[in-house]
Amino acid sequence: VGSLRTINTAEVTYQSTYPDQGFSCSLASLGGTGTPTSSSAGLIDATLAGGTKSGYTFASSTTCASAAGTTIIVTYGWGGAPTAPGQTGQRYFCSDQSGVIKFSQTDVATCVSGGSSL
């Protein structure tokens with residue numbers, strides 16, 4: 001849950017810093033070190049940018065969508081799944097541009113389509 005909150009905050013910061021890009025569809029773009037750019041914004045730590053943290057694997061949970069007639073990304077979705085279900089975690093988590101974090105007992109896809117809000 002904490003990692004998804006971090007990603008949500010990073011997405012909002014990314015969108016306001018790079019308005020010509022919109023949201024990011026890449027954890028690697030939200031991460032990075034050195035001088036911040038749209039492909040290496042330095043908004044999340046390297047571990048989370050790598051896609052695995054605290055026993056969970058993080059990946060895009062929905063297809064990013066652009067505004068009509070532009071390349072500006074206006075939606076995003078991230079999901080977190082236990083790397084070893086039953087051992088590193090019991091629940092699956094997801095969030096999108098609404099900022100609401102939801103969970104499911106079964107998988108990230110169920111979380112996205114009908115998960116319960118925290």
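1. Let's start at Thr 71, which has its place in the loop between β2 and β3. Please keep in mind as you read that this is a predicted model. Thr 71 counts as exposed, because its relative accessibility is 67%. Leaving aside neighbours within four places in sequence, Thr 71 is in contact with Gln 21 and Ser 66. Thr 71 and Gly 22 are 49 residues apart in sequence, yet their C-alpha atoms are 8.4 Å apart in space.

2. A second loop residue to look at is Ser 54, in the loop between β1 (52-53) and β2. Ser 54 has a positive phi of about 50°, although it is not a glycine. Is Ser 54 buried or exposed? Ser 54 is exposed, because its relative accessible area is 64%.

3. Now for the overall layout. The secondary structure of the chain comes to four helices and six strands. Read from the N terminus, the elements run α-α-α-β-β-β-β-β-α-β. Along the principal axes, the C-alpha atoms fill a box of roughly 40 × 35 × 20 Å.

4. How does the radius of gyration fit the chain length? A compact globule of 118 residues would have a radius of gyration near 13 Å, and the chain has 14 Å, so the two agree. Buried residues make up 37% of the 118 residues. As for contacts with a separation of 6 or more, 37% of them are between residues 24 or more positions apart. The chain exposes about 5900 Å², and carbon and sulfur atoms supply 53% of that area.

5. The inside of the model deserves a good look. The largest nonpolar core has 21 residues, and those with the most contacts inside it are Leu 4, Ile 7, Leu 27, Leu 30, Ile 44, Phe 58 and Trp 78. At least two residues of this core come from each of α1 (2-17), α2 (27-30), α3 (46-49), β2 (56-60) and β5 (101-104). The element that gives the most to this core is α1, with four residues.

6. Which residues does Leu 30 touch, not counting those up to four places away in sequence? The partners of Leu 30 are Ile 7, Ala 10, Glu 11, Tyr 14, Ser 24, Ala 41, Gly 42, Leu 43 and Ile 44. If you have the viewer open, Leu 30 is a handy place to begin a tour of the core, as one of the residues with the most contacts inside it.

7. Leu 4 belongs to helix α1. Leu 4 counts as buried, because its relative accessibility is 1%, under the 20% cut-off. Not counting residues up to four places away in sequence, Leu 4 touches Phe 58, Trp 78, Phe 93, Cys 94, Ser 95 and Ile 101. The C-alpha atoms of Leu 4 and Gly 80 are separated by 7.6 Å, with their positions 76 residues apart along the chain.

8. Asn 8 also has its place in helix α1. Is this polar-looking name in the helix buried or exposed? Asn 8 counts as buried, because its relative accessibility is 9%. Leaving aside neighbours within four places in sequence, Asn 8 is in contact with Tyr 76, Ser 95, Asp 96, Gly 99 and Ile 101.

9. On to the aromatic rings, where the count comes to four aromatic pairs. One of them is the edge-to-face pair of Phe 23 and Tyr 76, at 4.8 Å centre to centre and with 65° between the planes. This pair links distant parts of the chain: Phe 23 is in the loop between α1 and α2, and Tyr 76 is in the loop between β2 and β3 (77-82), 53 residues apart. Phe 23 and Tyr 76 are both buried.

10. Another aromatic pair is formed by Tyr 56 and Phe 58, and it is tilted, with 6.5 Å centre to centre and 35° between the planes. Tyr 56 is buried, as is Phe 58. Ring pairs link Tyr 56, Phe 58 and Phe 93 into a cluster.

11. A last point concerns a charge and a ring. The charged end of Arg 91 sits over the ring of Phe 103, at 4.5 Å from its centre.

Notes. Residues numbered from 1 in each chain as written. Predicted model: local features only at pLDDT ≥ 70, side-chain atom pairs only at ≥ 80, totals over all residues. Heavy atoms only, no water. Core = buried A, V, L, I, M, F, W, Y, C linked by side-chain atoms within 4.5 Å. Buried < 20%, exposed > 50% of the residue type's maximum accessible area, 1.4 Å probe, protein only. Contact = heavy atoms within 4.5 Å. Phe/Tyr/Trp six-rings, centres within 6.5 Å; stacked < 30°, edge-to-face > 60°. Lys NZ or Arg CZ within 6 Å of the ring centre and 35° of its normal. Rg over C-alpha atoms; globule rule 2.2 N^0.38 Å. Areas by Shrake-Rupley, 256 points an atom, 1.4 Å probe, with all protein chains shown as cover.
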